[in-house]
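Reader: I am new to this structure and would like to know what the terms used for it rest on. Please show it to me, and then I will ask.

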Amino acid sequence: MGPGVAGECVYKCGHHIAEDHFIVETINPETGEVLEPGQEGELVFTSLTKEAFPVIRFRTKDISRITQEPCQCGRTTARMRKVVGRTDDMLIIRGVNVFPSQIESVLMDIEGIGPHYIINIHKRNYLDELEVVVELTREDLLEPYSKLEDFTAYIRQKLHNVLSINVRLKIVQPGTLERSSGKAKRVFDYRNSQVE
Ligand SMILES: [Zn+2]
């Protein structure tokens, strides 16, 4: 729908939706259920003033939240918060929505691991299990072993803070993970190919 749907004000606390032209909703991308303001879901737009190409409940595939609270700037229109991911990329791990982009942003902020990572999803004892594989770039963390254990626990905690699920973490030597040109395949979901 291009520009004009929403815009940021000087307070930069979400994009104000042009509600005189668009109705915004958030839905559960799995069920289509309409969510309450503040709940995270897929953004859906309906145009009110377009005549040639009306857009009715257009699913954006963007996952975000809508807030109805008045903004400091005085505007009272709904605001959409940061887009946290795309429904295409969304993984459902034990009923929790997880986006690879969330995992990536956590890993990027951690000093001592490289920029490459892989996400493996398995089913074990009927439960989804998320494993993140990263490369260690700081040799000083190898000895003694407790240092590496502490580092592993630290990364797992950081991931848990953002994802609200426990993650298995595997730390490998630099250069272990495959480099690919173009868009790297980072997510490997084995859940449907495994026999219980
Ligand atoms: Zn504002």
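Reader: What makes helix H2 a helix that lies across strands, and which strands are they?

Author: In this predicted model, helix H2, residues 145–163, lies across S12 and S13. The direction of H2 makes an angle of about 135° with S13.

Reader: Which sheet holds S12 and S13, and in what order do its strands run?

Author: The sheet is open and has four strands in the order S13-S12-S11-S14, with mixed pairing. From one strand to the next the twist averages 20°.

Reader: Why are some of these called edge strands, and which ones are they?

Author: An edge strand here pairs on one side only. Strand S13 (168–172) and strand S14 (187–189) each do so, and are therefore called the edge strands.

Reader: How do you know that S11 and S14 are paired, and in which sense?

Author: Pairing requires at least two bridges between the strands. Strand S11, residues 113–124, shares three bridges with S14, so the two count as paired, in the parallel sense. Among the partners, isoleucine 121 is bridged to aspartate 189 in S14, and asparagine 120 to phenylalanine 188 in S14.

Reader: How many bridges join S11 to S12, and how do these strands run?

Author: There are nine bridges between S11 and S12, and the strands run antiparallel. Against the cut-off of at least two, nine is enough, so S11 and S12 are paired. Tyrosine 117 stands opposite valine 134 in S12. The hairpin of S11 and S12 has two residues between the strands, and asparagine 125 takes a positive phi near 50° there.

Reader: What does helix H1 touch in this sheet?

Author: Helix H1 (residues 100–108) packs on the sheet and touches S11, strand S12 (127–136) and S14. The direction of H1 makes about 140° with that of S11.

Reader: Why is lysine 183 called exposed or buried?

Author: A residue is exposed if 12 or fewer other C-beta atoms lie within 10 Å of its own, and buried if there are 20 or more. Lysine 183 has 6 within 10 Å, so lysine 183 is exposed. Its place is the loop between S13 and S14.

Reader: Why does arginine 57 count as exposed rather than buried?

Author: Arginine 57 has 12 C-beta neighbours inside 10 Å. The limit for exposed is 12 or fewer, so arginine 57 still counts as exposed. The residue is found in the loop between strand S4 (41–47) and strand S5 (58–64). Leaving out residues up to four places away in sequence, arginine 57 touches Val44 and Thr46. Arginine 57 and isoleucine 23 are 34 residues apart along the chain, with 8.5 Å between their C-alpha atoms.

Reader: How many domains is the chain divided into, and how far apart are their centres?

Author: The protein chain is divided into domain 1 (6–86) and domain 2 (91–193). Their C-alpha centres lie 31 Å apart.

Reader: How does the radius of gyration of the protein chain stand against that of a compact globule?

Author: A compact globule of 196 residues would have a radius of gyration near 16 Å, but this chain has 21 Å. Along its principal axes the C-alpha trace spans about 65 × 45 × 35 Å.

Reader: What share of the residues counts as buried?

Author: Of the 196 residues, 16% count as buried. By the cut-off, each of those has 20 or more other C-beta atoms within 10 Å of its own.

Terms used. Residues are numbered from 1 along each chain as its sequence is written. This is a predicted model: local features need pLDDT of at least 70, side-chain atom pairs count only at pLDDT 80 or more; totals for chains, interfaces and linings use all residues. Domain bounds come from an automatic or database domain assignment. Axes are lines fitted to C-alpha atoms, for helices over the stretch in contact, and angles run from 0 to 180 degrees between N-to-C directions. Two residues are in contact if their C-beta atoms, placed from the backbone, lie within 7 Å. The radius of gyration is taken over C-alpha atoms; the globule rule is 2.2 Å times the number of residues to the power 0.38.
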